[in-house]
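User: I'm new to this structure and would like a close look at a single part of it. Could you pick one strand and walk me through what surrounds it?

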Amino acid sequence: MLDYLIVGLGLAGTSLCEQLEKQNKTFKVISDTSQTSSIVAGGLYNPVILKRFTMAWNAKEQLHLAKSFYESLESKFHIKLNYKLRIIRRFASIEEQNLWFVACDKPLLKDFLSDRLIQNTNLGIHAPLGYGEVLNTGRIDTALLISTYKNYLKTKELFCHETFDFEALKITAEGYSYKKIKAKHIVFAEGYGLKKNPYFKYLPLTSTKGEYLTIKAPDLKENCAIKSSIFLIPWQNDLYRVGATYKWKDVTNMPTKASKEELLQKLDTFLKCDYELVDQVAGIRPTVIDRRPLVGRHPEEANMYVLNGFGSRGVMIAPLAAQQLLQYIEDDKALPAEMNSERFTKKYFKK
């Protein structure tokens, strides 16, 4: 009898596995490759919403735990995951400059927004009005993180690569059985795959498809992630990630010509050097109508839980949300009301 069965191994599932291992809990993971958003993500951690110059929800607490979480994984696996990366916001107007400096004086933002105007010195970028800099930012190599963790679980025989078969899940007096696996608790961390979950499909999870391009620009030599209408993110070997798009109707992981053209059009408004298109990827972000995670217990099944709905901020949210879910299960510590999935039970759950 295991303590936990986890379904899904994106940022949510990986974060939960690490929390369980630290507490010496036994578990197994079942996952397929149907959900790619954690793998193809840009991986930026940034506490500020750069469209409106406001603090992201609970960002300070999330950021504090996330940094130590990824540092511990680097030490554990002897790999590089956390890249300190400056994020600068390109100003498109004098009005944006003014709004930035107003935001710098706000109590919640003063530790994360620099009040120094940065002049552009890169001839490959058109930014006549300069930049504002976000502090305490960086990039997590999410693809390396998830592939490394999956291989680690495989070596310990804790990972099953398969699509979860809900007909094989049985409720028992002790918890749950799934084929030959028996577990006291089950946690669903499937990303957008939750829409096919008969136990949690009532939750108002929506899809936001995001697409990224990879370009090669040998003459650019830019070391900062630049936020304009889209992000331009330094990668490696003169490669840069460009994105991302936000589409609400397409729920496939297939890249599209329309998104490619949209990203290139936006890129060409400020990138002035030659570049070559190298790759295009897509993934479905699991988002929620109120832009808060879905974490909590099933309304009727006592030992069944959900860990989902991180949207485009999974790198920051996942470690804290996984910790809080485990404290809720093991220590009976209340979940923050803003993330507790119970907030939707009365309106959406039908017996």
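Analyst: Here is a walk that starts from strand E14 and moves out through its surroundings.

Keep in mind that this is a predicted model. Strand E14 covers residues 205-216, and ten of its twelve residues are buried, so the rest of the structure largely encloses it.

What does E14 pair with? One partner is strand E18 (residues 276-288): the two run antiparallel and are joined by twelve bridges. If you want a spot to look at, find Ile215, which stands opposite Leu277 in E18. Another partner is strand E17 (residues 239-243), which pairs with E14 in the antiparallel sense over five bridges. Here you can look for Leu213, whose bridge partner in E17 is Val242. As a general point, side chains in a regular strand alternate between the two faces of the sheet.

Now for a helix that goes with these strands. The buried residues of helix H6 (257-267) are Ser259, Glu262, Leu263, Leu264 and Leu267. Among the elements covering them are E14, E17 and E18, along with strand E16 (231-234).

Between E17 and H6 there is a loop, and Ala244 lies in it. The peptide bond joining Gly243 and Ala244 is cis, with omega at about 5°. That's worth a glance, because most peptide bonds are trans.

On the other side of H6 in sequence, the loop between H6 and E18 holds Cys273. Is Cys273 buried or exposed? Its relative accessible area is 13%, so Cys273 is buried, the cut-off being under 20%. Leaving out neighbours within four places in sequence, Cys273 is in contact with Gly124, Ala217 and Leu220. Take Ala217: Cys273 is 56 residues from it in sequence, but their C-alpha atoms are 7.4 Å apart in space.

E17 and E18 also take part in a pocket. The second largest pocket has a volume of about 220 Å³. Two or more lining residues come from each of E17, E18, strand E9, helix H2 (37-40) and helix H5 (142-155). The lining has 14 residues in total, and Ile39, Val40, Ala143, Trp235 and Arg241 are the ones nearest the pocket's centre. By type, the lining splits into eight nonpolar, two polar and four charged residues.

From the pocket you can follow E9 into another sheet. This one is open, has three strands in the order E3-E9-E6, and pairs in the antiparallel sense. Its edge strands are E3 (44-45) and E6 (82-84), each pairing on one side only. E3 pairs with E9 (residues 138-140) over two bridges, and Tyr45 has Gly138 as its bridge partner in E9.

E6 leads to one more stop. His78 sits in the loop between helix H3 (59-77) and E6. Phi of His78 is near 60°, a positive value in a residue other than glycine. His78 has a relative accessibility of 72%, so it counts as exposed.

To sum up the part you asked about: E14 is largely enclosed, it is joined to E18 by twelve bridges and to E17 by five, and it helps cover the buried residues of H6.

Note on methods. Residues numbered from 1 in each chain as written. Predicted model: local features only at pLDDT ≥ 70, side-chain atom pairs only at ≥ 80, totals over all residues. Heavy atoms only, no water. Buried < 20%, exposed > 50% of the residue type's maximum accessible area, 1.4 Å probe, protein only. Helix = DSSP H or I, 4+ residues; strand = E, 2+ residues; numbered from the N terminus. Pairing = 2+ DSSP bridges. Contact = heavy atoms within 4.5 Å. 1 Å grid on protein atoms, 1.4 Å probe; cavity = no way out; pocket = protein on both sides within 12 Å on 5 of 7 lines; lining within 4 Å. Points joined across faces, edges and corners; volume = space filled by probe spheres on them. Nonpolar A, V, L, I, M, F, W, Y, C, P; charged D, E, K, R; others polar.
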